[in-house]
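Trainee: I am new to this structure and would like to learn how to read its features. May we begin with the surface?

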Amino acid sequence: MKHMIDKDWHSLDKSELLKLFDSDEFDGLGKLSIKHKEEFFGKNELTHKKEESLLKKFFLQFHNALIYILLSASIVTFFLQEYVDSGVIFGVIIINVFVGFIQELKAQKAINSLKQMMVTEALVIRDAQKLDISSLDIVPGDIVLLESGSKVPADLRLLEVKDLKIDESMLTGESLPSAKHIANLEQNITINDRKNMAYSGTYVTYGRAKGIVVATGDYTQIGKISTLIEDANILETPLTQKIEAFSKVLLYVILVLASITFVVGIMRENSAIEMFMASIALAVGAIPEGLPAAVTITLAIGVGIMAKKNAIIRKLPAVETLGSVTTICSDKTGTLTQNKMSVTHVVTQEDGEFTLSGEGYKPFGDFFKNGVKLESIPKSLEQILLAGYLCNESYLVDKDGVYDIKGDPTEGALVVAALKLGINEHDINHAYPRIDILPFESDRQYMATMHTDANTNETMIFVKGSIEKVLKLCSVASIDAIEQNAKEYASQGLRLLAVASKRTHTSHIEERTLQDGFTFLGFMALMDPPRPEAIEAVREVKQAGINVIMITGDHPQTAFSIAKMMDIVSQDAKYEDVVLRGVDLYALGDNELIEKVKDVKVFARVEPEQKLRIVDALQERGEIVAMTGDGVNDAPALKQANIGIAMGLGGTEVAKEASDMVLSDDNFSSIAHAVKEGRNVFDNLVKFITWTLPTNLGEGLVILFAIMMGFSLPILPVQILWINMSTAVLLGLMLVFEPKEEGIMNRPPRDPKQPLLTKTLVYQMMIVGVYMLIASFGLFHYFVSQGYSIEYARTVAVNIFVFIELFYLFNCKELTKSILHTKIFNNKYLLIGAALMSMAQLLFTHAAYMNHAFKTEPLELATWGIVILVSFCVIIVVDVAQIFLGVKKTSPKAS
């Protein structure tokens with residue numbers, strides 16, 4: 001039965017298909033044939049790889065260098081009998097592990113959603129009888145009957161159709177239902193053009209059909225997509241990659257420095273236990289305990305802000321990834337466009353072209369002639385719009401001010417256009433009551449309705465359909481001129497419908513009476529127009545240096561036209577330079593595609609595997625790719641992209657589960673807001689790291705220097721933990737609330753290859769770390785030499801570290817500006833944190849129970865003056881250092 005797997009079914013003849021599957025068009029399969037096929041093919045469902053156990057998934061979350069560092073800190077502090085601090089650090093570990101564990105479980109739901117989509121009821125013919133069976137029991141060769149509203153239960157080659165239209169948007173991305181036929185087709189054509197096929201999971205919107213099952217389960221198109229989802233790589237985000245690399249380096253540095261401390265101390269004839277504790281103190285000092293909490297909280301705050309702007313984040317690291325995006329691959333229908341067909345031009349036979357304004361399905365708008373708004377409506381325009389309204393089976397629905405179309409969206413657009421005249425539907429329906437209708441059929445390419453004109457008591461017939469077919473029914477002298485004019489509109493990606501009318505004396509419609517005698521009223525041009533806010537959003541992200549690519553299943557010319565309107569391609573761009581069709585994509589090798597994607601702005605008529613290839617090719621070029629999508633066909637590419645963005649309103653559950661972010665309004669402009677917020681998140685994380693690491697460096701250097709010089713430790717391990725944990729919570733975390741810097745969308749995307757910290761910031765941190773060493777060690781040594789107790793001197797050293805961090809915090813508000821040009825008071829949380837930290841240090845220094853717990857002593861007022869003065873000088877030191885490091889000193893500009 002292997003000959004029944006994966007053939008070009010659309011190109012085979014009906015008789016050949018029936019012979020291959022040992023089936024009969026009218027009697028279906030027999031019992032024995034069904035049994036053999038069930039044994040060979042199994043159930044009509046998706047199979048999946050064996051998943052790792054929940055326990056293994058949980059423990060794999062610990063396999064991370066940063067987690068190792070934190071575990072070390074927790075264990076060290078536990079053995080130092082600092083149980084509270086040990087518990088806090090371990091709590092951070094557990095939170096991080098659980099977040100990762102839960103997110104990984106959610107990611108697997110995409111496959112389960114696909115599996116649920118496969119199960120439905122099906123009407124089949126078996127042993128010459130019609131039977132309702134579960135779609136799970138369908139086998140290749142089954143004869144399936146479809147009708148309006150049916151979900152296609154498996155991949156079918158159609159044998160018989162009657163006005164069949166199928167909504168294949170989940171697979172092809174096309175917004176309009178696909179009209180089907182039974183003729184054989186060429187082998188090398190895309191799914192969009194396989195008009196004699198019906199695919200599993202799609203819906204019949206109109207008509208009836210009979211088809212033979214050619215693929216079930218994993219061999220269906222939806223099954224192949226399931227395989228693509230499972231095979232797609234889940235890429236690490238730029239942040240997780242950089243944090244991972246940074247954590248590994250930090251781990252090695254800590255181990256080396258701790259080892260050096262221990263060895264040097266032993267060589268200086270200190271006791272092994274004393275040196276072991278000193279090494280532990282250095283390790284504790286060098287570990288940035290607050291870093292994972294800061295990362296999680298910063299991302300969580302970004303999630304909250306984005307949710308208010310219609311971007312729902314499913315995976316925390318996606319917040320930061322948005323800020324690093326270099327290319328956005330966007331679907332056209334519903335994201336860049338309104339997903340609401342609209343009449344944009346009306347060309348009447350008498351008066352020529354008119355244009356219409358309006359938004360979506362709202363029945364309000366104006367009419368223009370040569371760019372000038374019409375104060376009165378010409379008769380020819382009124383006639384064609386009225387004819388389009390009457391020759392129609394769709395209608396407009398108003399639900400609390402939200403307008404929608406019931407019926408075919410193209411027909412609905414004609415209803416909306418007519419209502420912009422201000423007509424009263426009740427009056428029109430009574431003035432022109434319908435007598436008869438001839439429905440649209442694909443082979444006829446037009447529909448007709450018969451009405452009585454209540455004013456004249458005459459009978460009218462209106463027809464609408466393709467230009468070619470309607471013109472044949474009319475007496476028109478200038479057919480060539482009309483067709484040439486129509487081609488110009490069609491070349492802009494517009495969908496055309498011609499309208500004609502005639503008076504008659506018959507009482508019902510007969511097709512033979514429609515062959516001539518009509519008056520050609522003109523034609524209407526329709527399109528799914530761009531969202532105005534999306535046009536502005538495209539401009540904004542392009543200004544931010546982000547490349548925008550349209551990937552759609554729609555017609556290439558339509559996509560090219562929309563891309564021009566949205567400024568995705570320039571107005572003088574040539575079609576052949578920026579558009580690539582799915583059929584041409586097949587002919588390109590991987591290396592050719594990788595080279596080609598740098599110039600292509602529009603991919604049209606593409607298939608699921610091709611979307612995945614496009615994302616892969618862009619990533620091979622070093623791009624950080626955001627991919628939008630709503631259908632099942634988009635899920636593999638959404639999962640493969642650095643950030644997958646699903647549509648919340650029109651998106652399938654499969655797409656949502658495979659994504660990192662969901663747009664609750666399906667609007668491209670929400671992506672622009674999210675990119676802006678993502679950049680701010682990354683900025684604030686860099687600010688936090690730039691602020692916190694000098695403290696760890698300074699603490700490590702103090703311990704190392706003391707051991708090298710044979711001095712007592714200026715700060716104890718328990719005091720280091722106080723510094724690290726209290727400042728991280730009360731000072732560092734306040735940086736995550738920093739507002740967006742001016743001009744955040746006027747700079748290019750962050751280079752994915754650029755390290756988390758630039759060379760300039762590393763030098764800056766080293767200068768601050770060394771300043772902490774000099775200030776703390778110098779004052780510690782000074783007060784000891786002046787006869788103060790070692791506890792007093794250590795209290796001074798601890799306060800030096802804390803208040804240097806406090807003042808340095810203001811340097812970190814804007815890393816590329818002088819403190820003189822920084823808005824000091826625009827973050828109330830930072831000011832509150834500084835005040836709370838100051839109060840905490842007063843308690844730390846002067847409360848008896850704190851003195852006992854942390855081995856400190858109260859300080860004299862003069863000593864406080866010295867501590868504050870020396871600490872404040874860090875602002876000047878950093879500002880001067882930035883001049884020599886070449887950091888720009890810019891004054892604020894309006895963005």
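Mentor: We may. In this predicted model, helix α27 gives the largest share of a nonpolar surface patch, namely 3 residues.

Trainee: Which residues form the nonpolar patch?

Mentor: The patch consists of Val 256, Ile 260, Phe 705, Met 708, Met 709 and Phe 711, and together these have about 490 Å² of accessible area. Two elements, α9 (238-267) and α27 (668-709), each give two or more residues to the patch.

Trainee: Is Phe 705 buried, partly exposed or exposed, and what decides the class?

Mentor: The class follows from relative accessibility: partly exposed covers the range between 20% and 50%. Phe 705, a residue of helix α27, has 34% relative accessibility and therefore counts as partly exposed.

Trainee: How should one read a helix such as α12, and why is it described as largely enclosed?

Mentor: One looks at how many of its residues are buried. Helix α12 spans residues 317-324, and 7 of its 8 residues are buried, so the rest of the structure largely encloses this helix. The buried residues are Ala 318, Val 319, Glu 320, Thr 321, Leu 322, Gly 323 and Ser 324.

Trainee: What share of the whole chain counts as buried?

Mentor: Of the chain's 895 residues, 56% count as buried. The chain exposes about 38,000 Å², of which carbon and sulfur atoms supply 57%. Its secondary structure comprises 33 helices and 26 strands.

Trainee: How are contacts distributed along the sequence?

Mentor: Contacts between residues at least 6 apart in sequence are considered here, and 71% of these join residues at least 24 apart.

Trainee: Let us turn to the backbone. What is noteworthy about the phi of Asp 22?

Mentor: The general idea is that most residues other than glycine have a negative phi. Asp 22 has a positive phi, near 55 degrees. This residue lies in the loop between α1 (14-20) and α2 (31-41), and its 55% relative accessibility means that Asp 22 counts as exposed.

Trainee: Where is Asp 666 placed, and is Asp 666 buried or exposed?

Mentor: Asp 666 is in the loop between β26 (661-663) and α27. Its phi is also positive, near 55 degrees. With a relative accessible area of 9%, Asp 666 is buried.

Trainee: How should one read the surroundings of a side chain such as that of Thr 795?

Mentor: One begins with its element and its accessibility. Thr 795 belongs to helix α30 (residues 790-811), and because its relative accessibility is 0%, Thr 795 counts as buried.

Trainee: Which residues does Thr 795 touch, leaving aside those up to four places away in sequence?

Mentor: Thr 795 touches Thr 845, Thr 856, Glu 857 and Leu 859. In addition, a polar atom of the Thr 795 side chain lies 2.7 Å from the backbone oxygen of Glu 791.

Trainee: What is the mean pLDDT of the chain?

Mentor: The mean is 84, and 88% of the residues reach 70 or more. Over residues 110-115, however, the pLDDT is below 50, and this stretch has 19 contacts in the model beyond near neighbours in sequence. Over residues 888-895 the pLDDT likewise stays under 50, and the model has 20 contacts beyond four places in sequence for this stretch.

Trainee: How should one treat such stretches?

Mentor: Where pLDDT is low, one should not read the predicted coordinates in detail.

Key. Residues numbered from 1 in each chain as written. Predicted model: local features only at pLDDT ≥ 70, side-chain atom pairs only at ≥ 80, totals over all residues. Heavy atoms only, no water. Patch = residues over 30% accessible without salt bridge, like charges linked within 9 Å, V, L, I, M, F, W, Y side chains within 5 Å. Areas by Shrake-Rupley, 256 points an atom, 1.4 Å probe, with all protein chains shown as cover. Salt bridge = Lys/Arg side-chain N within 4 Å of Asp/Glu carboxyl O. Helix = DSSP H or I, 4+ residues; strand = E, 2+ residues; numbered from the N terminus. Buried < 20%, exposed > 50% of the residue type's maximum accessible area, 1.4 Å probe, protein only. pLDDT = per-residue confidence, 0-100. Contact = heavy atoms within 4.5 Å. Polar contact = N/O pair within 3.5 Å; in protein donor to acceptor, adjacent residues only side chain to side chain.
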